[in-house]
Amino acid sequence: MEYSLNKYRYHELKYLCLQFKDITRQAKEGKEAAVQKYKAITHAAVDAREDISKYILEAVTEGKKWEQLEVPCGRRQFYSARRRFYWLLDKYV
């Protein structure tokens, strides 16, 4: 499968993304580890698919599904970009 991850690594990255608000707060306070995580998450979203990166970020950091977002692409394209996001994030962290 394209952009595949071990299920345990996927869950690790998923829960990292769900901590995004705390990571953002800590990054603003200047904590280096949080800055690195913040950059990795935001860059992975942009690199996955720049035109829908804000929707990818919203989905992975807030646990939202395609149906809850007004994404300007189809469901299959969105979830393909989200898979690519997690694959890239695995490389960045």
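This passage walks through the helix packing, the aromatic pairs and the cysteines of the structure. The model is a predicted one.

Helix H4 is a good place to start. H4 covers residues 53-62, and seven of its ten residues are buried, so this helix is largely enclosed by the rest of the structure. The buried set is made up of Ser 53, Tyr 55, Ile 56, Leu 57, Ala 59, Val 60 and Thr 61. These residues pack against H1, H2, H3 and H5. Just past the end of H4 comes Gly 63, with a positive phi of about 70 degrees.

One of those partners, H3, can be looked at in more detail. The axes of H3 and H4 come within 8 Å and cross at roughly 130 degrees, an angle that falls outside the range of 65 to 115 degrees for roughly perpendicular and is not over 145, so the two helices count as oblique to each other. Their crossing is right-handed. On the H3 side, the contacts come from Ile 41, Thr 42, Ala 45, Val 46 and Ala 48, while H4 puts in Ser 53, Ile 56 and Leu 57. Those three H4 residues are also among the buried ones in that helix.

H3 also packs against H2. Here the axes lie 8 Å apart, at an angle of about 125 degrees. That again makes for an oblique arrangement, this time of H2 to H3, but the crossing of H2 and H3 is left-handed, whereas that of H3 and H4 is right-handed. H2 brings Phe 20, Ile 23, Thr 24, Gln 26 and Ala 27 to the contact, and H3 answers with Ala 34, Val 35, Lys 37, Tyr 38, Ile 41 and Thr 42. Ile 41 and Thr 42 turn up in the contact with H4 as well.

On to the aromatic rings, which form five pairs in the structure. In one of them, Tyr 3 and Trp 87 have ring centres 5.2 Å apart and planes at 55 degrees; the planes are neither under 30 degrees apart nor over 60, so the pair is tilted. This pair joins distant parts of the chain, with Tyr 3 in the segment before helix H1 (7-17) and Trp 87 in helix H5 (residues 75-92), 84 residues apart. Both partners are partly exposed: Tyr 3 has a relative accessible area of 22%, and Trp 87 one of 26%.

Phe 20 and Tyr 38 make another pair, with centres 5.4 Å apart and planes at 15 degrees, so this one is stacked. Phe 20 sits in helix H2 (residues 20-28) and Tyr 38 in helix H3 (residues 32-48), so their pairing ties together parts that are 18 residues apart in sequence. Both residues also belong to the H2 and H3 contact described above. Phe 20 is buried, at 13% relative accessible area, whereas Tyr 38 is partly exposed at 32%. Elsewhere, ring pairs link Tyr 10, Phe 85 and Tyr 86 into a cluster.

Last, the cysteines. The disulfide count is zero. Cys 17 is in no disulfide, and its nearest cysteine sulfur, which belongs to Cys 73, is 18 Å away; a disulfide would need the two sulfur atoms within 2.5 Å. Cys 73 is likewise in no disulfide, with the sulfur of Cys 17 as its nearest. Both cysteines count as buried, Cys 17 with a relative accessible area of 0% and Cys 73 with 14%.

Definitions and conventions: Residues are numbered from 1 along each chain as its sequence is written. This is a predicted model: local features need pLDDT of at least 70, side-chain atom pairs count only at pLDDT 80 or more; totals for chains, interfaces and linings use all residues. Side-chain values use heavy atoms; hydrogens and water are left out. Rings of Phe, Tyr and Trp (its six-membered ring) pair if their centres lie within 6.5 Å; planes under 30 degrees apart count as stacked, over 60 as edge-to-face and the rest as tilted. Helices (H or I, at least four residues) and strands (E, at least two) are DSSP runs, numbered from the N terminus. Buried means under 20% relative accessible area, exposed over 50%, partly exposed in between (1.4 Å probe, protein chains only). Axes are lines fitted to C-alpha atoms, for helices over the stretch in contact, and angles run from 0 to 180 degrees between N-to-C directions. Angles under 35 degrees count as roughly parallel, over 145 as roughly antiparallel, 65 to 115 as roughly perpendicular and the rest as oblique. A crossing is left-handed if the near helix is turned anticlockwise from the far one by less than a right angle, and right-handed if clockwise. Contact means heavy atoms within 4.5 Å.
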